[in-house]
Amino acid sequence: MTTEHQNNQLGLNQATAPEDTRADRSFDTIADHFEKKVYGGLKGEIRLAVLRRDIVEYSTQMSEALGRPLRILDVGAGLAQIAIELATQGHSVVINDISANMLEKAKANAEQIDQALDITWYVCPYQALEETLGKEENDKFDLILSHALLEWLAEPASVMDFFDQYLTDDGALSLCFYNPASFDYRNLIMGNFNLLDNTDYKADNKKSLTPNHPVAKEEVESWLKAHDYQTVRSSGLRVFHDYAPLKRGGHNDPDAVIRMELRYSQLEPYKWLGRYLHILAKR
């Protein structure tokens, strides 16, 4: 493990912002709840299976083409499972999150691996990374991961400028984000029409992990186009699992569920029903 570099400037803290002002969200106070809710069951296994399939396959191809390990940045990494896995494959990884508690959990998981890993940790808002990463050509990254971050940023479109600054000219960007269409679809299936009719509805984000300001697929695609990115693959995460209130047949077999989620995650039109969407794009 490399020397830790920690910046404890936990600015942009939602707790100190006025109620009518959006701010970047930190899960510092609910790190345990986040870990259990997001990754404590089959939902988390599906999420990681799809991301692993997409990212590991592509990063392996990139590394072989370049003839060297990749330099990878995980922004708003949370528990950083995929980034840590990439480090086990010999890549140099920088892991960042605004929450010190989340990264402590990620570090604990990394330390359980019986292997020397090239990981550097930064606890800070992503905006503060510019003070520490450097601005030279050799400070850029071959692959930037940004998973479940866009929907928790006060100004999500602005992060595209950060990506432009720190991604190599032939680098790749992995964006995973909450799909707002899935919210409507799930509540239609569940019959929660009153909720859908309530235009003022907001989730209680003190503990809820449902974002109140998700970014639609079309908007993300418009950002990528404006910044000259080309989508190389796209997938849906949990394209049917969350929509099945009656668990029967294959739903009782977790391995079968993951197998079918992987199968349909890249197929039209099913992938666009995913609770989360993953877009892998290159410069």
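This text leads through a predicted model, from its salt bridges to a buried helix face and a nonpolar surface patch.

The salt bridges offer a starting point, and the model contains nine of them. One joins the side chains of R233 and E57, with a nitrogen-to-oxygen distance of 3.1 Å. R233 belongs to strand β6 (residues 230-237) and E57 to helix α2, so this pair ties together parts that are 176 residues apart in sequence. The two partners may be compared by their accessibility. R233 has a relative accessibility of 16% and therefore counts as buried, whereas E57, at 40%, counts as partly exposed.

Other salt bridges lie within a single helix. In helix α4 (residues 100-111), K107 and E104 are three residues apart, which means that about one helical turn separates them. An α-helix has 3.6 residues a turn, so residues three or four places apart point the same way. The closest N and O atoms of K107 and E104 are 3.4 Å apart. K107 is buried, with a relative accessible area of 4%, while E104 is partly exposed at 42%.

Helix α8 (residues 217-226) provides a further case, in which K217 and E221 are four residues apart and again separated by about one helical turn. Their side chains meet in a salt bridge with an N to O distance of 3.6 Å. K217 counts as buried because its relative accessibility is 17%, under the 20% limit for that class. E221, with a relative accessible area of 31%, is partly exposed. This pair does not stand alone: K217, E218 and E221 are linked in a network of salt bridges.

Attention now turns to helix α9 (residues 254-264), where A256, V257, I258 and E261 are buried. The cover over these buried residues includes α2 (42-66), the helix that also holds E57 of the salt bridge to R233. At the N-terminal end of α9, D253 acts as a cap: one of its side-chain oxygens lies 3.1 Å from the backbone nitrogen of D255.

The surface presents another kind of feature. Y185, L188, I189, M190, F193 and L273 form a nonpolar patch there, with about 520 Å² of accessible area together. Helix α6 (residues 180-190) supplies the largest share of this patch, four residues. I189 is found in helix α6 and has a relative accessibility of 37%, so I189 counts as partly exposed. Patch residues must have over 30% relative accessible area, a requirement that I189 meets at 37%.

Terms used. Residues numbered from 1 in each chain as written. Predicted model: local features only at pLDDT ≥ 70, side-chain atom pairs only at ≥ 80, totals over all residues. Heavy atoms only, no water. Patch = residues over 30% accessible without salt bridge, like charges linked within 9 Å, V, L, I, M, F, W, Y side chains within 5 Å. Areas by Shrake-Rupley, 256 points an atom, 1.4 Å probe, with all protein chains shown as cover. Salt bridge = Lys/Arg side-chain N within 4 Å of Asp/Glu carboxyl O. Helix = DSSP H or I, 4+ residues; strand = E, 2+ residues; numbered from the N terminus. Buried < 20%, exposed > 50% of the residue type's maximum accessible area, 1.4 Å probe, protein only. Contact = heavy atoms within 4.5 Å. Polar contact = N/O pair within 3.5 Å; in protein donor to acceptor, adjacent residues only side chain to side chain.
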